[in-house]
Amino acid sequence: MSVAATDHALMARALQLAWRGLYTTDPNPRVGCVIAKDGEIVGSGWHARAGGSHAEVNALNEAREAARGATAYVTLEPCCHHGRTPPCTDALTKAGIARVVVASGDPNPEVAGKGRDQLMAAGIEVDSGVLEADAQALNIGYLRRMTTGRPYVRSKIAASLDGRTALGNGVSKWITGEAARADVQRLRARSSAIMTGAGTIVCDDPSLNVRAEALGDVRQPVRVIVDSGLRTPTDARMLGLPGEVVVLTVAGDVVKHRALESAGARIELIDAMPNGRVDLVAALVRLGDFGINELLVEAGTRLNGALLQAGAIDELVIYTAGSILGRHARGMFDTPELTDMAARPEFDLIGARRVGVDLRLNWRRRS
C-alpha cells in the first residue's frame, strides 16, 4: 500500500474515533488520533469530554514505548497551549513521534498554525489536509465559532408535502412518524443549544430536551428562548427540567427578570432591532461567547422567518411527511412578500434519506 493510501486509511480510522465524541465533547472539538508504526496501529484514542484527556494523549498512553519513531494521525491540529490540560504538541514531542499527519487545521487563535510550527521546530515531520473535508464536517460548529464568533445554525422543520408545519389552529402533533422524531433526538444530542421562540413556549410548552436512552449518558443542550417581551411563563415545562435555560430579551422589566430567574432561567439582555425585537445576529454572537458551537432551531414560522431574513440559517433539516394540510395551515417561514426572484434565499441539497415513513432533506445555505 502506498504512503498516501496508508495515510488515508489510518486517518479514516481516526475520524471514526472522533465521531465517538459527537454528543459529549462540547464546547471542545471532536478529535480522534491513531498512532501507527510500519502501517500497524499501536495506539488509538479520542477526546471524550471537555476537561478530559485529549485524543493524542489517550492514543500515546495506549501506544507507550511503541510511539517512538511512529506516525500520529490526528483529525485536528494538535493544541499547543495550556488550557484544562497540557499542550498535546509537548506530549507528542516527548513521546518521540517522528511524523504527524493532520486532517484539519484549528482556527482557534491559541492554535491556528502554532501547533504545526511547534512540532516542526521539534524536528517532527508534519503533513496536513488528509480527509480535511470530512474532519471539518465533523466540527462544523466549532470551526464556525472560531472563525466568526457565531455558532452554526440548523433549523429543524417537520412539514407536510405542501410545506405546512401546523394546522391553522396551531395543532402540529404529529406531522411526522416515530422514526423521524427519534432522529430529531440525535440532532438535539449533538447540538450545543436548542433555540425556540416565546410563542412556541406559550402555545406548546415544549421540553426541548434529549430523550433517548439509546444515546447513552449525553449532556443536555442549553435551551434558548427568544423572548423580546418576556412572555415566558414561570411555570414553563423546560424550566423544571435538568439543564440550563437562557432567555434572550430586550425587555428590562426587573420584576419579570427576577421571577424568571427564580424559576431557573438566565436572562440575557440583547440589543433591539428598530422593530423592538431581539437582534438575532447579536444574539448569535452572544451565544458564541458562551461556547455554543451548533445551534438547533425548533421554532415556529415567525422566528424561522426572522432568522431566514437575517441570513442566519446555515442549514435546513426538513422532515417531509406524506400528507397534505391545505392552504389554511401554517407555512414554514413568516417573511415579507418577495417581488424580485433575485432576492430569494437559496439553499443547496447536501443530503437526502428516508427516515421511517418520512423523508429527511438537508439543505445548506448557498454562499
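**Close-up views of a predicted model**

**Figure 1. A glycine with positive phi follows helix 10.** Gly 291, just after helix 10, takes a positive phi of about 85 degrees. The model shown here and in the other views is predicted. At the N-terminal end of helix 10, the cap is Asp 279. One of its side-chain oxygens lies 3.1 Å from the backbone nitrogen of Val 281.

**Figure 2. Buried residues line one face of helix 10.** Helix 10 spans residues 280-289, and its buried residues are Leu 280, Ala 283, Leu 284, Leu 287 and Gly 288. Viewed down the helix axis, these buried residues fall within an arc of 145 degrees, so they line one face of the helix.

**Figure 3. The largest nonpolar core has 28 residues.** The members that touch the most other members are Met 195, Val 224, Val 226, Leu 248, Leu 287, Leu 295 and Leu 307. At least two residues of this core come from each of strand 6 (152-159), strand 7 (193-197), strand 8, strand 9, helix 10, strand 11 (294-297), helix 11 (301-309) and strand 12 (315-320). Helix 10 gives the most, with 4 residues. A second, separate core holds 22 residues, among them Ile 35, Leu 60, Leu 76 and Leu 119.

**Figure 4. Surroundings of Leu 295.** Neighbours within four places in sequence are left aside in this view. Leu 295 is then in contact with Pro 151, Tyr 152, Val 153 and Arg 154, and also with Ala 193, Ile 194 and Met 195. Its remaining contacts are Leu 284 and Leu 287, both of which are among the buried residues of helix 10.

**Figure 5. Ser 228 is placed in the loop between strand 8 and strand 9.** Strand 9 covers residues 245-249. Ser 228 has a relative accessibility of 17% and counts as buried, because the cut-off for a buried residue is under 20%. A polar atom of its side chain lies 3.0 Å from the backbone nitrogen of Val 278. Apart from residues up to four places away in sequence, Ser 228 touches Leu 248, Thr 249, Val 250 and Ala 251, together with Gly 276, Arg 277 and Val 278.

**Figure 6. Arg 219 is a buried loop residue.** The loop that holds Arg 219 runs between helix 8 (198-204) and strand 8 (222-226). Arg 219 counts as buried because its relative accessibility is 18%. The side chain of Arg 219 reaches the backbone oxygen of Ser 191 at 3.1 Å. Ser 191 is also listed among the residues that Arg 219 touches, with Tyr 23, Asp 26, Ala 189, Arg 190 and Ser 192, when residues up to four places away in sequence are not counted. Thr 25 is 194 residues from Arg 219 along the chain, yet their C-alpha atoms are separated by 9.4 Å.

**Figure 7. The protein chain as context for the close-ups, with 11 helices and 14 strands.** Its radius of gyration is 23 Å, close to the 21 Å that the globule rule gives for 367 residues, so the chain is as compact as a globular protein of that length. Along the principal axes, the C-alpha atoms fill a box of roughly 70 × 45 × 45 Å. Buried residues account for 49% of the 367 residues. Of the contacts between residues at least 6 apart in sequence, 69% join residues at least 24 apart. The accessible surface is about 17,200 Å², and 50% of it belongs to carbon and sulfur atoms.

Notes
Residues numbered from 1 in each chain as written. Predicted model: local features only at pLDDT ≥ 70, side-chain atom pairs only at ≥ 80, totals over all residues. Heavy atoms only, no water. Buried < 20%, exposed > 50% of the residue type's maximum accessible area, 1.4 Å probe, protein only. Contact = heavy atoms within 4.5 Å. Polar contact = N/O pair within 3.5 Å; in protein donor to acceptor, adjacent residues only side chain to side chain. Arc of directions from axis to C-beta. Rg over C-alpha atoms; globule rule 2.2 N^0.38 Å. Areas by Shrake-Rupley, 256 points an atom, 1.4 Å probe, with all protein chains shown as cover. Core = buried A, V, L, I, M, F, W, Y, C linked by side-chain atoms within 4.5 Å.
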